[in-house]
Amino acid sequence: MEMWFSEFHTPDVKHSIRVNRQLYSKQSDYQRIDIFETPEFGRVLTLDGNVMLTERDEFIYDEMITHVPMAVHRDAKDILVIGAGDGGVVRELTRYDRVERIDLVEMDPQVIEACRAYLPGNACRMDDRRVHIYYENALKFIRRCEAEYDLIIVDSSDPFGPSEGLFTREFYGNCFNALREDGIMVNQQGSPFYAEDATAMQRSHKRIARTFPISKVYQAHIPTFAAGYWLFGFASKKYHPINDMDAEAWNKMNMRTRYYTTRLHVGAFYLPAFLEEMLREVEDD
């Protein structure tokens, strides 16, 4: 008998992946966590029935949410990561010698436990001496921070359910306060393609643009995410994501990547016309 995992992207669209076997399933205090073994995408992590990552394409997301701000802020040493319990963002950050502290705030300890056991390619650097894990609510954690971080990476699930509070104006304001005077915040902004996702993206961008003096959106193509088309937000107190990116300095590090390049970095901020229009609608509102 064939086994398939299906995720509804809209009530009328679903994405299905053939499954060899289910490796892990647990209902935590916050969500249902499942890990599947699949022939096409390797191991797949889902939370409440939504794909969070696959071994096949996670590098796209993790490289783009990490290396874009790190190539712009050349002195980023103290970094806060919210969510990202799978460890992929932490793995990419630990590749930088200049990074001194990575505070990871993950609400659900069961996510980290599952990924340590079944997704070691992602969770392989969670025990790095610079990494400090806090199992608590990110909204409460961030309220206590004042001018403490150079970079905040918000690697949350979508703005529905447990992560809804990470897309509010209050949260973005707290991130602003937690950053130093030249700090950067990046976050996942979802897909602009389907109506419900597009509305959530516009709402989030509007709130960020009203909080930070510099607010831009950039893109990546991730096959297993909704419509295969994903957005990230880049918000900064000082740095422009293209004008202040030092390609020569980043390339001198000879960091091997599978998706990110400094040329792609620039191109990722050049958006299709329909998306530019959607962003203008809320920026001018």
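Two strands count as paired if DSSP finds at least two bridges between them. The exercises below apply this to a predicted model.

**Exercise 1. Describe the open sheet: state how many strands form it, and identify its edge strands.**

*Solution.*
Step 1. The open sheet is formed by 7 strands, and their order is β9-β8-β7-β10-β11-β13-β12. The pairing is mixed.
Step 2. An edge strand pairs on one side only; here these are β9 (131-134) and β12 (214-220).
Step 3. Direction ignored, neighbouring strands of this sheet are turned by 15° against each other on average.
Step 4. As an example of one pairing, take β7 (residues 78-83) and β8 (residues 101-105), which pair in the parallel sense over 5 bridges. Within this region, Asp78 stands opposite Arg101 in β8.

**Exercise 2. Determine which strands helix α6 and helix α7 touch as they pack on the sheet.**

*Solution.*
Step 1. Helix α6 (residues 169-178) touches β7, β10 (149-155) and β11 (179-190). The direction of α6 makes about 145° with that of β11.
Step 2. Helix α7 packs on the sheet through β11, β12 and β13, and its direction makes about 170° with that of β11.
Step 3. Consider next the buried residues of α6, which are Phe171, Tyr172, Gly173, Asn174, Cys175 and Ala178. Their cover includes β7, α5 (138-143), β10, β11 and α7.
Step 4. Turn to one residue of α7 (residues 195-209), namely Gln202. A residue is buried under 20% relative accessible area; Gln202, at 14%, therefore counts as buried. Leaving aside residues up to four places away in sequence, Gln202 touches Met278, Glu281 and Val282.

**Exercise 3. Classify the ring pair of Phe234 and Phe269, and explain which parts of the chain the pair ties together.**

*Solution.*
Step 1. A pair of aromatic rings is described by the distance of the centres and the angle of the planes.
Step 2. The structure holds 13 aromatic pairs. One of them joins Phe225 and Trp230, with 4.7 Å centre to centre and 65° between the planes, and is edge-to-face. Both Phe225 and Trp230 are buried.
Step 3. For Phe234 and Phe269 the centres are 6.1 Å apart and the planes stand at 85°. Planes over 60 degrees apart count as edge-to-face, so this pair is edge-to-face.
Step 4. Phe234 belongs to strand β13 (residues 230-236), whereas Phe269 is in the loop between α9 (262-268) and α10 (273-283); the pair therefore ties together parts that are 35 residues apart in sequence.
Step 5. With a relative accessibility of 1%, Phe234 is buried. Phe269, with a relative accessible area of 11%, is buried as well.
Step 6. Phe234 and Phe269 belong to one aromatic cluster with Tyr61, Tyr218, Phe225, Trp230 and Phe232.

**Exercise 4. Identify the residues that touch the most other members of the largest nonpolar core, and the helix that supplies the largest share of this core.**

*Solution.*
Step 1. In soluble globular proteins, nonpolar side chains tend to be buried together.
Step 2. The largest nonpolar core has 56 residues, of which Met64, Tyr218 and Phe232 touch the most other members.
Step 3. Helix α1 (residues 58-72) supplies the largest share of this core, 9 residues.
Step 4. A second, separate core comprises 19 residues, among them Ala138, Tyr149, Val154 and Cys175.

**Exercise 5. State which rings lie beneath the charged ends of Lys237 and Arg258.**

*Solution.*
Step 1. The charged end of Lys237 sits over the ring of Phe176, at 4.2 Å from its centre.
Step 2. The charged end of Arg258 sits over the ring of Phe59, at 3.9 Å from its centre.

How values were computed: Residues are numbered from 1 along each chain as its sequence is written. This is a predicted model: local features need pLDDT of at least 70, side-chain atom pairs count only at pLDDT 80 or more; totals for chains, interfaces and linings use all residues. Side-chain values use heavy atoms; hydrogens and water are left out. A nonpolar core is a set of buried Ala, Val, Leu, Ile, Met, Phe, Trp, Tyr and Cys residues joined through side-chain atoms within 4.5 Å. Buried means under 20% relative accessible area, exposed over 50%, partly exposed in between (1.4 Å probe, protein chains only). Helices (H or I, at least four residues) and strands (E, at least two) are DSSP runs, numbered from the N terminus. Rings of Phe, Tyr and Trp (its six-membered ring) pair if their centres lie within 6.5 Å; planes under 30 degrees apart count as stacked, over 60 as edge-to-face and the rest as tilted. A charge sits over a ring if NZ of Lys or CZ of Arg is within 6 Å of the ring centre and within 35 degrees of the ring normal. Contact means heavy atoms within 4.5 Å. Axes are lines fitted to C-alpha atoms, for helices over the stretch in contact, and angles run from 0 to 180 degrees between N-to-C directions.
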